[in-house]
Amino acid sequence: MTRTAGSSGKKTLAAIREAGLDLIHEHGFEAMSLRQLATRVGLQPGSLYNHIETKQDLLFDLIHNHMVTLLASVDEALSGMGDPLEELKAFIAFHLTYHIERKREVFIGSSELRSLEPKNRKKIVALRRTYEDRLCGILERGAAKRLFKIDDIAVSAYAILAMLTGICTWYDAKGRIDRKTLIDIHTRLVLQGVLK
């Protein structure tokens, strides 16, 4: 990808982020070099520093953007709902769809958490906890209304998230089961585990 003459800083930064996602997903954070990144974007290696300060800053930026987008998107998907059962169904559909459509971001956000410096990791872990709290809140409200029978809210939330997030590792858009059917199957599995 070559940089077009007169391209804006925002477009270049967007191209750097996109190339960074590709390269980290393909090679891993430690194996990816800024020289590879510059080549992929069509910049001189030194020019990267006009847009990112360090490789660590790029990784944090990518994972942070993913988490902020995830949180804003789940809040939008759940907006205006008051019934915990409907919220849970909407959460399941949202989580599966987001994780199918953003496999690179999800993979990097999980596998490269280890590569973040401690202060950056702490910020991302806090955002992840905020996302987990969305599901915990739904489960708590459902249990309070006696819709759900749950022995432990946190354990149940982590189990549900692990099952739903697992779709990233095996889903194939060309597979034998369409996306809607997969969402329906996962929804039934989760509801069987929490409904009274």
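This is a guided tour of the helices, their packing and one aromatic pair.

**Whole chain**

Start with everything shown as cartoon. The model is predicted. Nine helices and zero strands make up the secondary structure. Trace the chain from its start and the pattern reads α-α-α-α-α-α-α-α-α. Along the principal axes, the C-alpha atoms fill a box of roughly 60 × 40 × 30 Å.

Now colour by confidence. The average pLDDT is 92, and 96% of the residues score at least 70. Select residues 1-6 next. Here the pLDDT is below 50. In the model this stretch still has eleven contacts beyond near neighbours in sequence.

**Stop one: α1 and α2**

Select residues 9-27 for α1 and residues 34-41 for α2. How far apart are the axes of α1 and α2? They lie 9 Å apart, and the helices pack at an angle of about 130 degrees. The two helices are therefore oblique to each other. The crossing of α1 past α2 is right-handed.

Show side chains for the contact. From α1, pick Ala15, Ile16, Ala19, Gly20, Asp22, Leu23, Glu26 and His27. From α2, pick Gln36, Leu37, Arg40 and Val41. Sorted by class, this contact of α1 with α2 has six nonpolar, three polar and three charged residues.

**Stop two: α1 and α5**

Keep α1 and add α5, residues 103-111. The axes of α1 and α5 come within 10 Å and cross at roughly 65 degrees. Which hand does the crossing of α1 and α5 have? It is left-handed.

On the α1 side, select Glu18, Leu21, Asp22, Ile24 and His25. They meet Arg104, Glu105, Phe107 and Ile108 in α5. The class count for α1 with α5 is four nonpolar, one polar and four charged residues. Pause on Asp22 of α1: it is listed in the contact with α2 and also in the contact with α5.

**Stop three: α4 and α9**

Hide α1, α2 and α5. Select α4, residues 84-101, and α9, residues 179-194. Their axes are 10 Å apart, with a packing angle of about 135 degrees. So α4 and α9 are oblique to each other. As α4 passes α9, the crossing is right-handed.

For the α4 face, show Leu85, Leu88, Lys89, Ile92, Ala93, Leu96, Thr97, Ile100 and Glu101. For the α9 face, show Arg179, Leu182, Ile183, His186, Thr187, Val190, Leu191 and Val194. By class, the contact of α4 with α9 holds eleven nonpolar, three polar and three charged residues.

**Last stop: an aromatic pair**

Stay on α4 and bring in α6, residues 118-144. A search of the whole structure finds two aromatic pairs. One of them is Phe91 with Tyr131. Draw the line between the ring centres: 5.4 Å. The ring planes are 35 degrees apart, and the pair is tilted. Which helices hold the two residues? Phe91 sits in α4 and Tyr131 in α6. The two residues are 40 apart in the chain, and their pairing links distant parts of it.

Notes. Residues are numbered from 1 along each chain as its sequence is written. This is a predicted model: local features need pLDDT of at least 70, side-chain atom pairs count only at pLDDT 80 or more; totals for chains, interfaces and linings use all residues. Side-chain values use heavy atoms; hydrogens and water are left out. Axes are lines fitted to C-alpha atoms, for helices over the stretch in contact, and angles run from 0 to 180 degrees between N-to-C directions. Helices (H or I, at least four residues) and strands (E, at least two) are DSSP runs, numbered from the N terminus. Angles under 35 degrees count as roughly parallel, over 145 as roughly antiparallel, 65 to 115 as roughly perpendicular and the rest as oblique. A crossing is left-handed if the near helix is turned anticlockwise from the far one by less than a right angle, and right-handed if clockwise. Contact means heavy atoms within 4.5 Å. Ala, Val, Leu, Ile, Met, Phe, Trp, Tyr, Cys and Pro count as nonpolar, Asp, Glu, Lys and Arg as charged, and the others, Gly among them, as polar. pLDDT is the predictor's confidence in each residue, from 0 to 100. Rings of Phe, Tyr and Trp (its six-membered ring) pair if their centres lie within 6.5 Å; planes under 30 degrees apart count as stacked, over 60 as edge-to-face and the rest as tilted.
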